[in-house]
Amino acid sequence: GAGVAAAARCCASCGQAVSVLSAARRVVTVLCADLVGFTTLSESRDHEETRELLTRYFDDARRIIGRYGGTVEKFIGDAVMAVWGVPTSHEDDAELAVRAGLELVTRVADMGEDVGVHGLAARVGVVTGEVAVTVGAEQQGMVAGDAVNTASRVQSVAGPGQVWVDETTRLLSSGAVTYADAGSHQLKGKADPMPLWSARAVVAAR
């Protein structure tokens, strides 16, 4: 975030080469997911069991997201944030993110049954929009902007075991995914209620 002089070869604040720190604006799809009721769950289970459950969840999330061409930006607590469109963008990035979200919520439900945590669920928000991309950054710090914040807000209002998306993501992926109207929601930081859609099923092969 430090200012860099036009002729500078390195950042005067951190010493990184300017080419590594260059920023660009790009349209990406952001996925945010978390476990529903994880705080209550962690209070009632052994700490080691909770750690193992989280490790398994993160490993599955990383595998699923990677298989659909996404990049995990960060893990925080029980939350996952991933992005499609950087470093390489594809025409079906929005569709791939929704497919990954649907597989992730299914996997979490199955994992809950496997470990005896009945009712374990994930909820996912997927938003497509313009962000600032830090070229050369890996994982945390790759993207920043309204789409990132909005994806987190959408995830927070999504139903357990559901994948909710914004209008742009729905339009870009509706040829392969069916949706149900989830209504309009007043999200923190948004002046007007935002229409959201719940992904139901994948109906087309890639």
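Helices here are DSSP runs of H or I with at least four residues, strands are E runs of at least two, and both are numbered from the N terminus. The expected span of a helix is 1.5 Å times one less than its number of residues.

What you're looking at is a predicted model, where local features need pLDDT of at least 70, side-chain atom pairs count only at pLDDT 80 or more, and totals for chains, interfaces and linings use all residues. Residues are numbered from 1 along each chain as its sequence is written, and side-chain values use heavy atoms, with hydrogens and water left out.

**Overall layout**

The protein has six helices and eight strands, running α-β-α-α-β-β-α-β-β-α-β-α-β-β from the N terminus on. Of its 206 residues, 42% are buried, meaning under 20% relative accessible area with a 1.4 Å probe and protein chains only (exposed is over 50%, partly exposed in between).

**Two helices, each followed by a glycine**

| Helix | Residues | Expected span | End C-alpha distance |
|---|---|---|---|
| H3 | 47-67, 21 residues | 30 Å | 30 Å |
| H4 | 93-115, 23 residues | 33 Å | 32 Å |

The expected and modelled spans agree for H3, and they agree for H4 too. After H3 comes Gly69, with a positive phi near 85 degrees; after H4 comes Gly116, with a positive phi near 80 degrees.

So which residues of H3 are buried? They are Thr50, Leu53, Leu54, Tyr57, Phe58, Asp60, Ala61, Ile64 and Ile65. These cover an arc of only 165 degrees around the axis, so they sit on the same side of H3. (The arc is taken from the directions from the helix axis to the C-beta atoms.)

**The E2-E3 hairpin**

E2 and E3 pair in the antiparallel sense over five bridges; two strands count as paired if DSSP finds at least two bridges between them. Val72 stands opposite Ala82 in E3. The hairpin has two residues between the strands, and Gly77 takes a positive phi near 60 degrees there.

**The second largest pocket**

A pocket is an open set of points on a 1 Å grid over the protein atoms alone, where a 1.4 Å probe fits and protein lies on both sides within 12 Å along at least five of seven lines; lining residues have an atom within 4 Å of a point. The second largest pocket is lined by Cys32, Ala33, Lys74, Ile76, Ala79, Val80, Met81, Val148, Asn149, Ser152 and Gln155. Strand E1 (23-35), strand E2 (71-76), strand E3 (79-84) and helix H5 (146-157) each give two or more residues to that lining. H5 supplies the largest share, four residues.
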